[in-house]
Amino acid sequence: QALIEIDKLNLYYGAFQALKNVSLTIPEKAITAFIGPSGCGKSTLLRTLNRMNDMIPGTRIEGSIKISGKDIYSSEVEVESLRKNVGMVFQQPNPFPKSIYDNVAYGPRLHGMTNKKKLDEIVESSLRSAALWDEVKDYLKRSALSMSGGQQQRLCIARALAVNPDVLLMDESTSALDPISTLKIEELVQELKSQYTIVMVTHNMHQAARVSNQTVFFLNGEVVESTDTETLFSNP
Ligand code: ADP
Ligand code: ADP
């Protein structure tokens, strides 16, 4: 079942066309990997899914993107509620220079939650979902910046999950990490797919093969192939 439907999408940075006639469906509760050489538009397409491209002046978009049947570029959709539903984790872990607790509580507080008991519950369940609770439960008041890179990235995942999104976008979210932290996040992502629709950009074909259900190949701003990952890597 498709959660996201992208139809004939063109994206221009000024005069430069970064996405060319992209049509693609993204299945729900599965992992879709975007792969392809550097500069071919993977990150650009990922960012259109929560309208991060709106923040870049001179960007123009044609075509449509629907999430759960709703056109996310229509005037009825507010960017803030879209970003709540579509979380993003970047390449570099970017926790706020605040406590571990305040990082996870950030989104819920932004959306008006003040009840301390509820916040505690959300912080715990989000950290559990991000496979971090056992490591940090006694240190919630410590600065997030005191954590290792891998822990910081899992914290960023917990922060995104705390507002209960349907979709989690990951933009090369393991490429700044060591191999063991990378494997931990790959395992984590596998667990999260039972509850979330995950779209990840990776430059690593092996990672796509290990974790994704659907693989999408990009070349020069075009989607050249979109395939079931298992079929792809079992048929030479
Ligand atoms: P990938 O994620 O596949 O490496 P990107 O989506 O980041 O590729 O970039 C696609 C193309 O768009 C590249 O040629 C890149 O230089 C260009 N590009 C990306 N961001 C901008 C921007 N803000 N302004 C102008 N060109 C951009
Ligand atoms: P942006 O300018 O893209 O909105 P911010 O500086 O607000 O970015 O946020 C930086 C980080 O915090 C990003 O990783 C983003 O995904 C995360 N973030 C922003 N808002 C929320 C929220 N309401 N809930 C959870 N995470 C959030």
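Helix α6 is mostly covered, with twelve of its 13 residues buried (under 20% relative accessible area with a 1.4 Å probe, protein chains only). The structure is a predicted model, in which local features need pLDDT of at least 70 and side-chain atom pairs count only at pLDDT 80 or more. Residues are numbered from 1 along each chain as its sequence is written.

**Helix α6**

This helix, a DSSP run of H or I with at least four residues, covers residues 149–161 and reaches 18 Å from its first C-alpha to its last, close to the 18 Å expected at 1.5 Å a residue. Its buried residues include Arg 154, Leu 155, Cys 156 and Ile 157. The buried residues of α6 pack against β6 (86–89), α3 (100–110), α4 (116–129), α5 (133–136), β7 (167–171) and α7 (179–192), where contact means heavy atoms within 4.5 Å.

**Ligand 1**

Among the residues around ligand 1 are Tyr 13, Phe 16, Pro 37, Thr 44 and Ile 56, each with a heavy atom within 4 Å of the ligand. By class, this shell has six nonpolar, five polar and one charged residues. Both β2 (16–27) and α1 (42–48) supply at least two shell residues; the largest share, three residues, comes from α1.

Three polar contacts (pairs of N or O atoms within 3.5 Å) involve oxygen atoms of ligand 1:

| Residue | Part of residue (N or O atom) | Distance to ligand 1 oxygen |
|---|---|---|
| Gly 39 | backbone | 2.7 Å |
| Lys 42 | side chain | 2.9 Å |
| Ser 43 | backbone | 2.8 Å |

The protein covers 61% of the 560 Å² of accessible area that ligand 1 has on its own, by the Shrake-Rupley method with a 1.4 Å probe.

Notes: Chains lettered and ligands numbered in written order. Heavy atoms only, no water. Polar contact = N/O pair within 3.5 Å; in protein donor to acceptor, adjacent residues only side chain to side chain. Nonpolar A, V, L, I, M, F, W, Y, C, P; charged D, E, K, R; others polar. Expected span 1.5 Å × (residues − 1). Buried < 20%, exposed > 50% of the residue type's maximum accessible area, 1.4 Å probe, protein only.
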